[in-house]
Amino acid sequence: MRVYKFGGSSIGSASRIRHIAGIIRNALDETRIVVVVSAIQKVTDMLAETATLAGRGDASYRDTLGDITALHQAIVAELFEENGQSEAAAQLESMLSELEDVVHGVFLLRDLSDKSLALVLSYGERLSSSIVGRYLSLSGTPATVVDARDIIATDANHCNAKVDVHETDRRVREKIHPKASVPVVTGFIAAAADGSTTNLGRGGSDYTATILGASLQADEVWIWTDVDGFFSADPRRVPDARVLPDISYAEAMELSHAGAKVLHPLAVQPAMRAGIPVIIKNSFNPDAPGTRIEHLKLADTELPRPVTGLTSINRVVLLNLAGSGMAGVPGTASRLFSCLARHSVNIIFISQASSEQSISLAISPAQASMAKKVLEEEFSREIEARRIEPIHVRRNLCMVAVVGNKMSGHPGVSAQLFETLGKNGINVIAVAQGANEMNISLVVDSSDEDKALNCIHESFFLSRRKVHVFIAGTGTIAKSLISQIAAHRATLQEEMDLDVVVCGLANTRVIVVNSEGIELDRWHDVIHEMHERSKLEGGASFDEYVRQIKEMNLHNTIVVDCTASSKVADAYPGLLQANISVATANKLGMAGPWELYRRITDARRKSNAKFLYETNVGAGLPIINTLSDLKNSGDKIICIEGVLSGTLSFIFNELRKGGRFSEVVRKAKAAGYTEPDPRDDLSGADFARKLLILGRELGYHLEYADVACESLVPESCRGEMSPEEFLDRLAEVDDWYAKEIGHAAAEGMTIAFTGELKEGKANVGLKRVPVDSPVAGLNGTENLVVFTTDRYLKTPLVVKGPGAGGEVTAGGVFADILRIAGYLV
């Protein structure tokens, strides 16, 4: 025998009732069935509203009551058509007339007691069971409607009654006989000893089902709802949440008590005592396997992950009772809890400091003001004597619970949890963990709820890890980066279980953001569409882009700077302070004014976010990381020298082959190695900034002006002129370079544009180097950095490779993204 409980959404229309009738008929081929039904979807809320309005003397209760009547009448009219409609309509009319009389009485008295409210609410299940039972019978499945008030005995706490288990068992076994017909039992409602109507609390139909299952010794209890089962997290908040195929009774109770809406918190207890499995099924998708809740065998619990699932309560208030007068005083906690119990305040969460000087409680916002008032009355003498502080109330909070059987005895779960939250800038306000180690509950700011759920879910491998990337700039480097992410994304998903999601693109004209991710195969189109729209809206600002990024508050957020904008660089400290990581190819942050550099490094030190800028110096070459490793491992850096400009490396490599200077510069421009105006490269400023960054890495207090930089732009070419005119005039120095190379060759030397950092001084310029030196052996756009250190004194450490080009730089930025995500070191 099975007990089938159908929730309000499962019977929310005539078509849904026909559908569940089919489910019941199919099940009867296998076993006997007892059916429990909730009120039709939204009806319980409508009944509560009707009663509340009537209790206030508000005649508009009739409007809501009219809506309830119309809803049920429409279902009856469609469901029964001509067959049995008159009888069904007459029975419906009789019950609705009773309901109207009851509510009218409340209206006349201007008083809504719990006893009256329980009676009004009971009509939801009584109406639905009548409709479902009659339809089953008329459609060929004999059914008998059973009013649960005749079988479930409770105390007189009318709106959240406690079940008398022994008396209920006796009545159920006496009155429920599923052999002759299918019992259709009203969920949620019960009766006190005096016969007055009570209920089991909102969502109590689940509880009704497991009570019946335990009393009848059913094989299983199936809870039919509108979701596929218990999820590892709320899929509305965590898109990657997955259905849990099986969980233990204890895990189900923990998840339900901590906010999961799938099952009533008390429903597990009767099934657990009787050892009856509970299956969560989706009436909208009956072929889905659902979730099985039972005593898991030892082999079943040997799961690789300690965390089974997460849940949250998204609106709680934290009350804090604190004061030095609490320490060592017996009975303080008892008075606190007894006071709240007397006033029916439900405590969701408790946390107490080991010093005994504070107790924090999470409760419903609706009870916060009353709870504060009664506690301050209870502890008025201590507050007046300043032994206890006035009750502090903190609002706009949520509670997140991390649940799992395997957390018990599994070292490192808490450490991993708090590290994950810390990296994402989520402040934990209060924490509690039971001695069974099955539940760690946290209170955080409501605005961080989704972010916390998603990052915890990923951290414990309940879903694929995501990083949310927001790119600034849509130029050469950004285009190459987007192409690389698009080409490699599937591989990262399959091999590293990582999803790199580009959620934002921005330039000076347009901002595009999408928390679900931008389609990378059509990002040009998206930018163009937004650009056309923004023409009417005044363009875009990076400050607005940052505001939107912060407002989205996504976990694992990385801002990627592919610009050369000082405005973007100025935003780095604020991003880091907001615990947003940054990967940048823009030198104007780390090579900007010392004050900006100091603010970036200070924010980086204080933040849990990461700031990576490897591409600032060597494009895709590991120069910054190499220097950091040397320095952090205690090596002393004596000198750093080499070529740190791919453009200038190309130019002098070609000159050594016999090219004319102006022609080589034209060739470099045509190949895309120079800026649109080659003077930007020939000035040596970019090279100087790179050397400045390395100097600052070594701890030197340097400004850009402190770097001695020789410009290769002739004096006659430094005025206002177009790039073409500049290239034409540049020919006037061709002979000088040819002669200089000739003179150097006569001495076994050649010329190169190099830089040197030594004893806190940096210089960049043209110099002669031996023809057998590493610099003279460079090809194309290769860069080269030579580290002379105490450890690498006789044979310096050399880093060499391509130092220019959008693809190489984008590859370095991509690597920094993966480092921030924790997938590269």
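Colleague: Which residue in β7 stands opposite I189?

Modeller: This is a predicted model: local features need pLDDT of at least 70, side-chain atom pairs count only at pLDDT 80 or more, and totals for chains, interfaces and linings use all residues. Residues are numbered from 1 along each chain as its sequence is written, and side-chain values use heavy atoms, with hydrogens and water left out. Strand β6 (residues 189-192) and β7 pair in the antiparallel sense over three bridges (strands: DSSP E runs of at least two residues, numbered from the N terminus; pairing: at least two DSSP bridges). Opposite I189 in β7 stands N199.

Colleague: Which strands stand at the edges of that sheet?

Modeller: The sheet is open and mixed, in the order β4-β6-β7. Each edge strand has a single partner, so one side of it is left without a neighbour in the sheet. The edges are β4 (153-154) and β7 (197-199).

Colleague: At what angle to β7 does helix α5 run?

Modeller: Helix α5 (residues 114-138) lies across β6 and β7 (helices: DSSP H or I runs of at least four residues). Axes are lines fitted to C-alpha atoms, for helices over the stretch in contact, with angles from 0 to 180 degrees between N-to-C directions. For α5 against β7 the angle is about 75°.

Colleague: How far apart are the end C-alpha atoms of α4?

Modeller: Helix α4 (residues 85-109) has 25 residues. The expected span is 1.5 Å times one less than the number of residues. The model agrees with that expectation, with the ends apart by 36 Å.

Colleague: How are α3 and α4 oriented to each other?

Modeller: Their axes come within 10 Å and cross at roughly 170°. Residues that meet (heavy atoms within 4.5 Å) include L65, H72 and F80 in α3, and L92, L99 and F107 in α4. Angles over 145 degrees count as roughly antiparallel. The two helices are therefore roughly antiparallel.

Colleague: How many residues of α15 are buried?

Modeller: Helix α15 (residues 449-459) is mostly covered. Among the elements covering its buried residues (under 20% relative accessible area, 1.4 Å probe, protein chains only) are β12 (309-322) and α14 (413-423). Of its eleven residues, the number buried is ten.

Colleague: Which element gives the largest share of the largest nonpolar core?

Modeller: That core (buried Ala, Val, Leu, Ile, Met, Phe, Trp, Tyr and Cys joined through side-chain atoms within 4.5 Å) has 107 residues. F6, I151, V185, F230 and I293 have the most contacts inside it. The largest share, nine residues, comes from α5.

Key. Buried < 20%, exposed > 50% of the residue type's maximum accessible area, 1.4 Å probe, protein only. Parallel < 35°, antiparallel > 145°, perpendicular 65-115°, else oblique.
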